[in-house]
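Student: I would like to go through this structure by question and answer. Where should we begin?

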Amino acid sequence: MKTRRTIKRAVTNRIGIHEKTVANRMARAAGLSPEVLGELVEALETPDDIRAAIFQLAGRVAPPKKAVDSWLSPDLPAYRAYLDSIKRPSVLYGIGWRVVYCNKTYRELLSPGPHIPAFPGSMPLKNGVLYMLRHPNAARLLGAGSIKAYERHWCTLALAHFAAAYQENRDDPELQHTLREREKSPSLYASYESATKWIREHGDVAVSSEPRPFFDPRGEEHVTRAQVLTEAHPGSPLQHATWGIEGDVVDDGGGDGGDDEGDG
């Protein structure tokens, strides 16, 4: 409680019980059931390392934290308003890259059409990484028609980023689904195995500041280059990515930023 600067009354309000009950539970934490201890720890809003330490001191094993549904995030309205204020293509997604919300410019860039024909489960307006890895026409836009450019600048980065995310969230159903989709393709499976080498060389999150070949399907279709600027939000299951496409002239008012993590 001292670490979190939390008073006992705040804990009781979060759980909905009397202060004396909280005091009794804290006094006999070692004898509490994992469920009751978990309720107390969650009310304290402890970081993961402190949470694990409390369970260890009580002779318990910390249960996995419940996943927060991206659509239930209390910050979602603010994120939607923020994305709508950005003139560049911008998308909000959860841990498994399932699209939660995208702005109008993103929809115009990656809507179904001649260059992005319907392919169940792998459409960019539904899941950016599955589109990148599984859509048979992905290289037409990502890599501007060059398979080598697609694999180097898009596919390898996505696989490495997925590998890093999966290491930390093996129980996430959406990441498990992506893993199963990856296993359906022998060539993709081989590429995934080589992604560990990329992680050793570039860190546990795939980062590339190099602009990537991209075929812009809007208006006067043309080959250009793109950068994907991503931003994670600590304590939230959501993060967002903004596409910077060479040739676009927009005024974002300083809205977008972050690290280019290449996860689309």
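Tutor: Begin with a definition: helices and strands here are DSSP runs, of at least four residues for a helix and at least two for a strand, numbered from the N terminus. Keep in mind also that this is a predicted model.

Student: With that numbering, where is Ala144 found?

Tutor: Helix 8 covers 138–141, and helix 9 is the other helix to look at. Ala144 belongs to the stretch that joins them, the loop between helix 8 and helix 9.

Student: Is Ala144 buried, exposed or partly exposed?

Tutor: Buried means under 20% relative accessible area and exposed means over 50%, with partly exposed in between. The relative accessibility of Ala144 is 26%, so Ala144 counts as partly exposed.

Student: What is phi of Ala144?

Tutor: Most residues other than glycine have a negative phi. Ala144 is a residue other than glycine with a positive value. Its phi is near 55 degrees.

Student: Which residue in the turn of the hairpin has a positive phi?

Tutor: Strand 1 (residues 90–93) and strand 2 (residues 99–102) run antiparallel and are joined by 3 bridges. In one of these strand positions, Tyr93 has Val99 in strand 2 as its bridge partner. The two strands form a hairpin with 5 residues between them, and the turn residue with a positive phi, about 65 degrees, is Trp97.

Student: At what angle do the ring planes of Trp97 and Phe162 lie?

Tutor: By the ring-centre rule, the count of aromatic pairs is 5. In the pair of Trp97 and Phe162, the centres are 6.3 Å apart, and the pair is tilted because the angle between the planes is 50 degrees.

Student: How many residues apart are Trp97 and Phe162?

Tutor: Trp97 sits in the loop between strand 1 and strand 2, whereas Phe162 sits in helix 9. Trp97 is buried at a relative accessible area of 2%, and Phe162 is buried at 1%. The pair links distant parts of the chain, and its two residues are separated by 65 residues.

Student: What kind of aromatic pair do Phe214 and Trp243 form?

Tutor: Phe214 lies in strand 3 and Trp243 in strand 5, so this pair ties together parts 29 residues apart in sequence. Both residues are buried. The ring centres are 5.5 Å apart and the planes differ by 65 degrees, and the pair is edge-to-face.

Student: Which residues form one aromatic cluster with Phe214 and Trp243?

Tutor: Trp243 is in contact with several residues beyond its sequence neighbours, among them Tyr106, Trp154 and Phe214. The cluster is made of Phe214 and Trp243 together with Tyr106 and Trp154.

Student: Which helix gives the largest share of the largest nonpolar core?

Tutor: The largest nonpolar core has 35 residues, and Leu142, Trp154, Phe214 and Trp243 touch the most other members. The largest share of this core is 8 residues, and they come from helix 9.

Student: How many residues are in the second, separate core?

Tutor: Members of this second core include Leu76, Tyr79, Leu92 and Tyr101. The core has 7 residues.

Student: Within what arc do the buried residues of helix 5 fall?

Tutor: The buried residues in helix 5 (residues 76–85) include Leu76, Tyr79 and Leu83. Seen down the helix axis, the buried residues line one face because they fall within an arc of 60 degrees.

Student: Which exposed residues are on the face of helix 5 turned away from its buried side?

Tutor: The buried residues of helix 5 pack against strand 1, strand 2 and strand 5. The face turned away from the buried side carries Pro77 and Ala78.

Student: Which backbone oxygen does the side chain of Thr105 reach?

Tutor: Thr105 is found in helix 6 and counts as buried because its relative accessibility is 16%. Among its contacts are Lys87 and Arg218. At 3.0 Å, its side chain reaches the backbone oxygen of Lys87.

Student: With which side chain does the side chain of Arg218 make a polar contact?

Tutor: Arg218 lies in the loop between strand 3 and strand 4. Residues touched by Arg218 include Thr105, Ile245 and Asp248. The polar contact, at 3.0 Å, is with the side chain of Asp248.

Conventions. Residues are numbered from 1 along each chain as its sequence is written. This is a predicted model: local features need pLDDT of at least 70, side-chain atom pairs count only at pLDDT 80 or more; totals for chains, interfaces and linings use all residues. Side-chain values use heavy atoms; hydrogens and water are left out. A polar contact is a pair of N or O atoms within 3.5 Å; within protein, one must be able to donate a hydrogen and the other to accept it, and residues adjacent in sequence count only if both atoms are side-chain atoms. Contact means heavy atoms within 4.5 Å. A nonpolar core is a set of buried Ala, Val, Leu, Ile, Met, Phe, Trp, Tyr and Cys residues joined through side-chain atoms within 4.5 Å. Buried means under 20% relative accessible area, exposed over 50%, partly exposed in between (1.4 Å probe, protein chains only). Two strands pair if DSSP finds at least two bridges between them. The arc is that of the directions from the helix axis to the C-beta atoms. Rings of Phe, Tyr and Trp (its six-membered ring) pair if their centres lie within 6.5 Å; planes under 30 degrees apart count as stacked, over 60 as edge-to-face and the rest as tilted. Lists of a residue's contacts leave out its neighbours within four places in sequence.
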